[in-house]
Amino acid sequence: MVEDIAELDAVFHALANGARRHMLGRLSDRDLTVGELAEPLTMTLAAASKHIKVLERVGLVEQSVEGRRHVCRLVAMPLAPAANWLRFYLLHWESRLSASENLFHTKPEPTKPEPTKPEPGIEEKL
């Protein structure tokens, strides 16, 4: 249990950085080299490598060396516990929002109009 929590914490730590999330998003399309991952983020190869190492430590990225190229690929399986953790809260908030929405969409019971009293003296005219 404690190990699961530590792994979940590590995944959320890795996802806490926008550059790493951007890298994972791009890796979901295809395998990329370290240089390709660094390019749109305008960061050095050294900085990109540090981010990739964080992703590798939690198992989200695997890196292979093909000659002089370091190719990265996404491994999405470590995201499963994080997705399950988030799903609990998604379901919780969906049910709360649904209950709130029902409050606004329920039709109030129609009120019965109170009988009107005839105007004084109207009976005399009839």
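Here are four short exercises, each with a worked solution, on the predicted model shown above.

**Exercise 1. Two helices that meet**

Work out how helix α2 and helix α4 are oriented to each other, and which residues make their contact.

*Solution.*
Step 1: Find the two helices. Helix α2 covers residues 18-27 and helix α4 covers residues 45-57.
Step 2: Look at their axes, which come within 10 Å and cross at roughly 75°.
Step 3: Classify the angle. Angles of 65 to 115 degrees count as roughly perpendicular, so α2 and α4 are roughly perpendicular to each other.
Step 4: List the residues of the contact. From α2 come A19, R20, M23 and L24, while α4 brings A48, H51, I52, V54 and L55.
Step 5: Sort these residues by type, and you get seven nonpolar, one polar and one charged.

**Exercise 2. A closer look at H51**

Decide whether H51 is buried or exposed, and find its contacts beyond its neighbours within four places in sequence.

*Solution.*
Step 1: Place the residue: H51 sits in helix α4.
Step 2: Check its relative accessible area, which is 16%. Buried means under 20%, so H51 is buried.
Step 3: Set aside the neighbours within four places in sequence. H51 is then in contact with N17, A19, R20, M23 and M43.
Step 4: Link this to Exercise 1. A19, R20 and M23 are among the α2 residues in the contact with α4.

**Exercise 3. Pairing the strands**

Describe how strands β1 and β2 each pair with β3.

*Solution.*
Step 1: Start with β1 (residues 32-33) and β3 (residues 69-74). They pair in the antiparallel sense over two bridges, and T33 has V71 as its bridge partner in β3.
Step 2: Move to β2 (residues 61-66). Six bridges join β2 to β3, and these strands run antiparallel. Here E62 has R73 as its bridge partner in β3.
Step 3: Inspect the turn. The hairpin of β2 and β3 has two residues between the strands, and G67 takes a positive phi near 70°.

**Exercise 4. Inside the core**

Find which element gives the largest share of the largest nonpolar core, and then trace the contacts of L55.

*Solution.*
Step 1: Note the core itself. The largest nonpolar core has 19 residues, and those with the most contacts inside it are L37, I52, L55, V61 and C72.
Step 2: Name the elements giving two or more residues to this core: α1 (2-15), α2, α3 (34-38) and α4.
Step 3: Pick out the largest share, which is four residues from α4.
Step 4: Follow L55. Leaving aside neighbours within four places in sequence, L55 is in contact with A14, R20, M23, L24, L60 and V61.

Conventions:
Residues numbered from 1 in each chain as written. Predicted model: local features only at pLDDT ≥ 70, side-chain atom pairs only at ≥ 80, totals over all residues. Heavy atoms only, no water. Axes fitted to C-alpha atoms, helices over the stretch in contact; angles between N-to-C directions. Parallel < 35°, antiparallel > 145°, perpendicular 65-115°, else oblique. Contact = heavy atoms within 4.5 Å. Nonpolar A, V, L, I, M, F, W, Y, C, P; charged D, E, K, R; others polar. Buried < 20%, exposed > 50% of the residue type's maximum accessible area, 1.4 Å probe, protein only. Pairing = 2+ DSSP bridges. Core = buried A, V, L, I, M, F, W, Y, C linked by side-chain atoms within 4.5 Å.
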